[in-house]
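Me: I am new to this structure and would like a close look at a single part of it. Please choose one part, go through it slowly, and then add what can be said about some other places in the chain.

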Amino acid sequence: MEMEQQHEWAEAQKIVVSVDLVDAAKRQLKFLAAVDRNRYLYDGPALEHAIYRYNACWLPLLAEHCKTPICEDPLVVPLDCEWIWHCHRLNPVQYESDCEKLFGRILGNSGVLSSTQEISSTQTEEIWKTFYPDEPYELDLTRVASKDISHTPSENEKFTEYDLVSAVKRQSTFFYQVSRPHVSDERFLQEAVARFKGFLYMIKRNKERSIRRFCVPTYDIDLMWHSHQLHPVSYCKDMKAALGTVLEHDDVDSDRTKGKKLDTGFSATTKQFEDTFGFRYWKAGAMYRGAAPIAVTETPYPFKPVGKGLDTSNEHQRLIQLPEKKFVEVFLEVVAVKNLPEQFKGNFFVTFSKKDPDWFFGPKKRLNIASGSGEKQVTYFQCEPTGQLNFELVSQPSPGIAIIKSGKAIGSGSLALQDFMDSSSKVSAEKWLELVPVNGSLDSKPILLHMAASFTVPTAATRVFHLVKSRPFFNSSCFFPLPASFKHARSLMHVVDQAGMDVVSIQIRDTFKGSTKAKSATTKQVIGIMESGEEHILADFVENKWSLSGAGGSFMLRKETGHGNCIFELIGNKMFKLYPGRRLDYEPRHCEKRRSEQDFVTAVEFSVENPYGIAAALFDLRSGTFMVKEETLALPFITLAAILSDVLKKEGYKSFSLKGGDPGVLDNKPEETVVVPETVEEELVVDVNTDMQPGKEDDLNLKEGNQHAGGCGAGCGGGCGHAVKTDGSRCLANSGGCGSGCGGDCGSMIKSTGCGAGCSGGCGKMVNGGACSGGCGGSCGTRVDVTNGAICFARQQLDNIITKEVPL
């Protein structure tokens with residue numbers, strides 16, 4: 001950062017914000033999560049009645065409270081009214097105008113608390129009943145469903161003419177974009193506050209210079225902008241002091257097409273931010289995730305564990321030992337290089353790698369240097385939060401040849417990841433690395449490499465396992481050496497993790513009641529076999545139900561017929577429903593390999609916190625690979641994977657349709673379908689080709705006018721042609737911005753231009769000159785689908801495994 005840029009940043013930080021934005025953002029995230037658990041407030045009769053209650057009840061009550069406090073305790077706003085109030089305040093100019101027109105003053109939130117702040121609302125409820133005896137304090141869904149209500153204001157009632165229904169629909173997508181764990185991290189939020197002030201400063205400078213520019217925030221900035229606007233009195237005061245006027249928050253425009261308002265606005269905002277302050281506008285964890293996945297149900301299912309009749313012993317808790325694995329998301333850009341010796345001519349690029357083995361990071365990759373190529377290239381990847389990122393500056397004498405081995409390494413440097421992981425450290429950095437010459441010392445000044453990097457805080461990784469069919473044991477076998485007398489070796493399945501390390505061996509055995517071997521007396525057990533040969537019963541099939549044991553207690557697996565298209569139900573101290581296909585976080589994206597959805601089953605957890613369900617595990621029935629998000633559930637889901645494999649082997653895919661029978665029903669059908677591959681060596685191989693040939697997907701050299709796409713635009717709707725390769729460490733795309741119709745995982749190889757939100761829409765996108773959008777209503781930042789855990793990595797493992805087309 002040059003001296004002038006340092007001065008500009010220091011001036012930006014002097015902008016006064018009279019609200020604790022970090023605390024306000026945390027409260028907002030908690031509130032948005034509560035609204036998302038009550039999705040009836042997003043549309044339909046409940047939304048219409050909530051708007052009526054807001055206009056007819058809450059605003060008049062608030063107006064009275066703003067004149068003279070009407071109670072000693074803070075007012076606690078009902079959830080439905082708070083949601084409408086939230087959306088109204090996010091148009092601060094309109095909100096100020098409506099308040100002045102209807103009540104003669106801006107109605108602030110002093111002395112008002114959210115219903116999510118865990119404070120008693122008794123006093124507010126009593127006052128509400130006094131003011132509105134015919135309208136309950138809490139939204140009565142039964143009354144709403146009966147439609148025996150009127151939304152027509154009386155002669156004495158004055159309502160805003162602002163289209164609150166449209167405002168709610170625009171804002172209903174915002175929570176998905178900011179609902180990931182790292183967003184509430186203190187460091188992430190503190191940096192977001194500083195970046196928000198930088199954003200305001202740019203608008204201030206544009207106003208002073210009479211420059212008309214539609215400035216578009218990234219999602220971290222937009223979260224702070226929202227948090228500020230939710231304090232309308234402070235927001236108006238602060239904006240008038242800083243800018244001379246109330247800054248409008250336009251979330252109406254949502255066209256992501258390249259060249260449109262959002263796209264060009266984001267490109268201009270990116271350039272101005274980086275020119276003004278000297279560091280990158282993009283930020284890991286602050287970019288667009290894409291559209292929210294389709295819900296598995298429209299009816300909430302707030303499961304509460306009964307806590308009785310369940311085996312909650314921890315007998316099986318230590319049966320499998322899994323190493324702790326976390327990952328971070330990384331954005332990386334090579335900005336510039338200085339002091340290049342004259343003897344080195346031609347093109348230059350940088351390769352980066354990790355010396356130590358990494359579960360998520362793939363082979364050595366390459367990035368062009370922005371100052372030399374004239375093109376911004378930002379790569380996104382995932383890796384473990386340990387070790388070093390190693391860089392090499394490479395000279396490539398022959399233009400147009402993009403093979404790493406054809407270049408000559410000049411110097412090397414590194415970034416220690418631990419420097420960014422401490423709680424006191426920043427998660428973004430711009431550094432000039434002094435390169436160590438590869439072949440001795442140079443006569444000239446040290447070569448300096450300007451690296452820009454951004455990280456999320458470490459997050460627990462999704463676990464990936466693979467079921468492998470037994471084969472004869474050799475001395476070199478990587479599996480547990482079982483006793484020579486073991487009688488059922490051929491029916492064994494082995495579970496290995498994504499690194500190929502054995503976890504446990506599984507066998508499903510027939511057992512018989514009494515002395516008879518009649519089929520009617522036959523039942524089953526799932527047996528776990530440890531390295532020592534010790535056996536443990538993991539599940540029993542009794543009375544047409546499977547009883548599973550695990551670290552989280554016992555679970556019952558049974559056929560489900562009354563909940564949407566759910567096929568099985570796993571219930572214990574937690575509730576899981578199994579749905580055919582890839583659902584929620586595992587929903588197939590347009591840039592992924594086409595697969596039949598009958599090959600997959602998704603386990604969805606329902607709870608009070610997640611009444612509409614969250615993805616917990618994905619089972620690939622064809623390859624035998626499965627992913628588990630929560631480590632404590634690894635054992636029951638390993639057991640479940642074995643059961644599903646056995647059901648498929650016996651009954652075929654019909655058991656995973658809505659007309660299937662009970663899981664595990666025994667029959668005499670031939671074992672002609674094999675769900676697990678024969679060997680680990682054959683099936684767990686991931687492509688580790690380190691050469692990046694011209695035209696291959698991992699060649700990151702994106703030039704204007706080449707065959708790789710730009711922004712898709714609103715008409716995309718399909719496979720996008722975005723040449724995405726997810727190599728186990730990242731999602732890289734030789735592609736452009738998705739556009740509003742993409743809806744897919746269109747990569748994250750970023751080449752800046754655009755997106756947008758202005759906050760008028762999708763805040764901040766930078767994917768290869770493409771467009772984005774979404775607005776404060778929903779699409780801030782670049783299209784990065786990392787959801788929860790290393791799903792991008794895990795998905796690619798599924799694809800790599802199935803590519804071999806193992807015969808069933």
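Close look at one strand

Reply: Leucine 618 has methionine 627 as its bridge partner in strand 24. The model is a predicted one. Strand 24 covers residues 625-628, and the pair just named belongs to its pairing with strand 23, residues 614-620. These two strands run antiparallel and are joined by 3 bridges. Together strand 23 and strand 24 form a hairpin, with 4 residues between them. Glycine 624 sits in the turn of that hairpin, and its phi is positive, at about 85°.

Strand 24 also pairs with strand 13, residues 463-469. Here there are 4 bridges, and strand 13 and strand 24 run antiparallel. In this pairing, valine 628 of strand 24 stands opposite arginine 463.

The side chains of strand 24 can be sorted by direction. Thr625 and Met627 point one way, while Phe626 and Val628 point the other way. All four of these residues are buried.

Another strand offers a buried residue of its own. Glutamate 329 lies in strand 3, residues 326-338. Its relative accessible area is 3%, so glutamate 329 counts as buried. Proline 385 is 56 residues away from glutamate 329 along the chain, yet their C-alpha atoms are separated by 9.1 Å.

The helices come next. Helix 1 (residues 3-12) packs with helix 10 (residues 186-208) at an angle of about 100°, and their axes are 8 Å apart. Helix 1 is therefore roughly perpendicular to helix 10. Helix 1 contributes Glu8, Trp9, Glu11 and Ala12 to the contact, and helix 10 contributes Ala194, Arg195, Lys197, Gly198, Tyr201 and Arg205. Sorted by class, this contact has 5 charged, 4 nonpolar and 1 polar residues.

A second helix pair is made by helix 2 (residues 21-36) and helix 4 (residues 79-89), which pack at an angle of about 120° with their axes 11 Å apart. That angle means that helix 2 is oblique to helix 4. The crossing of helix 2 and helix 4 is left-handed. From helix 2, the contact takes in Gln28, Phe31, Leu32, Ala34 and Val35; from helix 4, Leu79, Glu82, Trp83 and His86. By class, the contact of helix 2 with helix 4 has 6 nonpolar, 2 polar and 1 charged residues.

Conventions: Residues are numbered from 1 along each chain as its sequence is written. This is a predicted model: local features need pLDDT of at least 70, side-chain atom pairs count only at pLDDT 80 or more; totals for chains, interfaces and linings use all residues. Side-chain values use heavy atoms; hydrogens and water are left out. Axes are lines fitted to C-alpha atoms, for helices over the stretch in contact, and angles run from 0 to 180 degrees between N-to-C directions. Angles under 35 degrees count as roughly parallel, over 145 as roughly antiparallel, 65 to 115 as roughly perpendicular and the rest as oblique. Contact means heavy atoms within 4.5 Å. Ala, Val, Leu, Ile, Met, Phe, Trp, Tyr, Cys and Pro count as nonpolar, Asp, Glu, Lys and Arg as charged, and the others, Gly among them, as polar. A crossing is left-handed if the near helix is turned anticlockwise from the far one by less than a right angle, and right-handed if clockwise. Buried means under 20% relative accessible area, exposed over 50%, partly exposed in between (1.4 Å probe, protein chains only). Two strands pair if DSSP finds at least two bridges between them.
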